[in-house]
Each structure stands twice: as C-alpha cells, then as structure tokens.
Amino acid sequence: PATTTGHQAGVGLVTTALLPWRWASGSAVGSAHRRKGMPNQDAENVVYHSLSLPWGGTVIAGVADGHGSPEYVRADVGARAAVDVASQAVLGFIREHQVEVGQTIAEAWGDLSRMLPERLVDTWRQSISTYHASQPFTAEELAAIDARQPTARGRATDEEPHRAYGCTLMVVIATADGVGCLQLGHGDILVGRAGPEERVRDRKS
C-alpha cells in the first residue's frame, strides 16, 4: 500500500515458470476507525521469487489486519511488519530445511505447516523489537494503553512492547503445482474454483 491511512488498492501480475498469477487488493478505513481518528491497520505484500526453490518460481503473498482495539496503538506498524517478514521467513525456512528438488509443495507441506508458524512469529517479534528500540512509545500512546489495561498483567511496555503491535496474518504460497495457506489469528482464506468459493478449513491459529 502507498499509505497507512485512507483507501488502499493494488493490482498486479506475477509469472512463474509455468503459470501466471494475478493478484488484486483493496482496503479502506472503517467507520469506527474514522470516528476515533485511527489509521488503516491493513497491510499486504506480494513477492515473486525465481531463485532456485525446489518447485521453481514461487509467489508469496501476505495479508495482515491490525487488532482494532485502542490499546493496540501500533497495530498498523505490526501489520506492515508481518507482511514484510512473511516472505523472508518462508524463504529462509525452505532453504534451511533443504526441501528436496522435485518435491511438490503438497509433499513438503507437512513440515512447512507444522514449523513455519513459529518461525513467522519469531521473525515478526524480532522485527518489532528492532523497530521499537528506536521508536519507544509516546506519552499519548502510553496513556491509551493504560486506559484499556489499567493493571500490569498483559500491558504493553517499552520493555515488552509486542502486544501494542498485535495483528493477524494470512500467507499464501503459490507455485506451478500447488498452493499452500497459513493463518495466524482470525480471518478467512477463500479458494475459488469453477463452482462456489470454499473456505480453507485446515488453518493454523
């Protein structure tokens, strides 16, 4: 997205070795956010990798939605970080675990779906820690956090800031021979075929 406020939209075409993938996105600030003066907390990122992955050219798409409650004062930043680190985490995992050449994404999905969610969370937390070290909470942000979290339990602090950046994340890994989906938090991933759309049932929360 070009901005973290107002309307967001995008459309594009990425091509793998065997199959072109088209993507489109759209987002707008909801009425409740507008009334409260809150920014758009949605983020998306689509990246094409033609490097020597086992199944050739691969499209990695991430969509994140910041938690909308007022105590999540930096959920827009957290959502942006989530989609930015998604492709890095996916690629790093695949390379480190040396998925076999010739193995389809369906054959590799057991390890990916079991171990990748933790990698995504760890990478996101590291990214947030680095950002927050140079951008600590302002007095206004701390007041908003204290108003919703008056007790110390579960409250975001400069020493443990991640809660204030909270968001959901959905990731799609699309290859020439299959598509894999991962989900952290609420939301739905829909698969469209010739018939009606279907929800992806097996999701990681």
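**Close-up views of a predicted model**

Going by the distance rule, three salt bridges turn up in this predicted model. Overall confidence first: the mean pLDDT is 76, and 72% of the residues score at least 70.

**Figure 1. Glu141 and Arg74 pair up across the chain.** Here the two side chains meet in a salt bridge, with 2.8 Å from N to O. They come from distant parts of the chain: Glu141 belongs to helix α4, while Arg74 is in the loop between β4 (58–66) and α2, and 67 residues separate them. Are the partners buried or exposed? Glu141 has a relative accessibility of 16%, so it counts as buried. Arg74 is buried too, at 6%.

**Figure 2. Arg80 and Asp84 form a salt bridge within helix α2.** The N to O distance is 3.1 Å. Both residues lie in α2, four residues apart, or about one turn of the helix. Arg80 is partly exposed, with a relative accessible area of 25%, and Asp84 is likewise partly exposed, at 32%.

**Figure 3. Arg125 and Glu160 meet in a salt bridge.** The N to O distance is 3.0 Å. Arg125 lies in helix α3 and Glu160 in the loop between α4 and β5, so this pair ties together parts that are 35 residues apart in sequence. Arg125 counts as partly exposed at 32% relative accessibility. Glu160 is also partly exposed, with a value of 39%.

**Figure 4. Tyr131, Phe137 and Tyr165 make one aromatic cluster.** How many aromatic pairs does the rule give? The count is two. In one of them, the ring centres of Tyr131 and Tyr165 sit 6.1 Å apart with the planes at 85°; angles over 60 degrees count as edge-to-face, so that is what this pair is. Tyr131 is in helix α3 (residues 105–134) and Tyr165 is in the loop between α4 (139–148) and β5 (167–175), which puts them 34 residues apart. Tyr131 is partly exposed at 34% relative accessible area, whereas Tyr165 is buried at 0%. Then there are the rings of Phe137 and Tyr165: their centres are 6.5 Å apart and their planes are at 35°, so the pair is tilted. This pair, too, links distant parts of the chain, with Phe137 in the loop between α3 and α4, 28 residues from Tyr165. Both Phe137 and Tyr165 are buried.

**Figure 5. Helix α2 bends by about 30° at Val85.** The helix covers residues 75–96. What span should its 22 residues have, at 1.5 Å a residue? The expected value is 32 Å, and the end C-alpha atoms are 30 Å apart, which agrees. The helix is mostly covered, with 16 of its 22 residues buried.

**Figure 6. Thr123 touches Val85 and Ala89.** Those contacts leave aside residues up to four places away in sequence. Thr123 is found in helix α3. Its relative accessible area is 16%, and it is buried because the cut-off is under 20%. Val85 is also where α2 bends.

**Figure 7. Residues 1–7 carry low scores: pLDDT stays under 50.** For this stretch the model has 16 contacts beyond four places in sequence.

Key
Residues numbered from 1 in each chain as written. Predicted model: local features only at pLDDT ≥ 70, side-chain atom pairs only at ≥ 80, totals over all residues. Heavy atoms only, no water. Helix = DSSP H or I, 4+ residues; strand = E, 2+ residues; numbered from the N terminus. Expected span 1.5 Å × (residues − 1). Bend = angle between axes of the 7 residues up to and from the residue. Buried < 20%, exposed > 50% of the residue type's maximum accessible area, 1.4 Å probe, protein only. Phe/Tyr/Trp six-rings, centres within 6.5 Å; stacked < 30°, edge-to-face > 60°. Contact = heavy atoms within 4.5 Å. pLDDT = per-residue confidence, 0-100. Salt bridge = Lys/Arg side-chain N within 4 Å of Asp/Glu carboxyl O.
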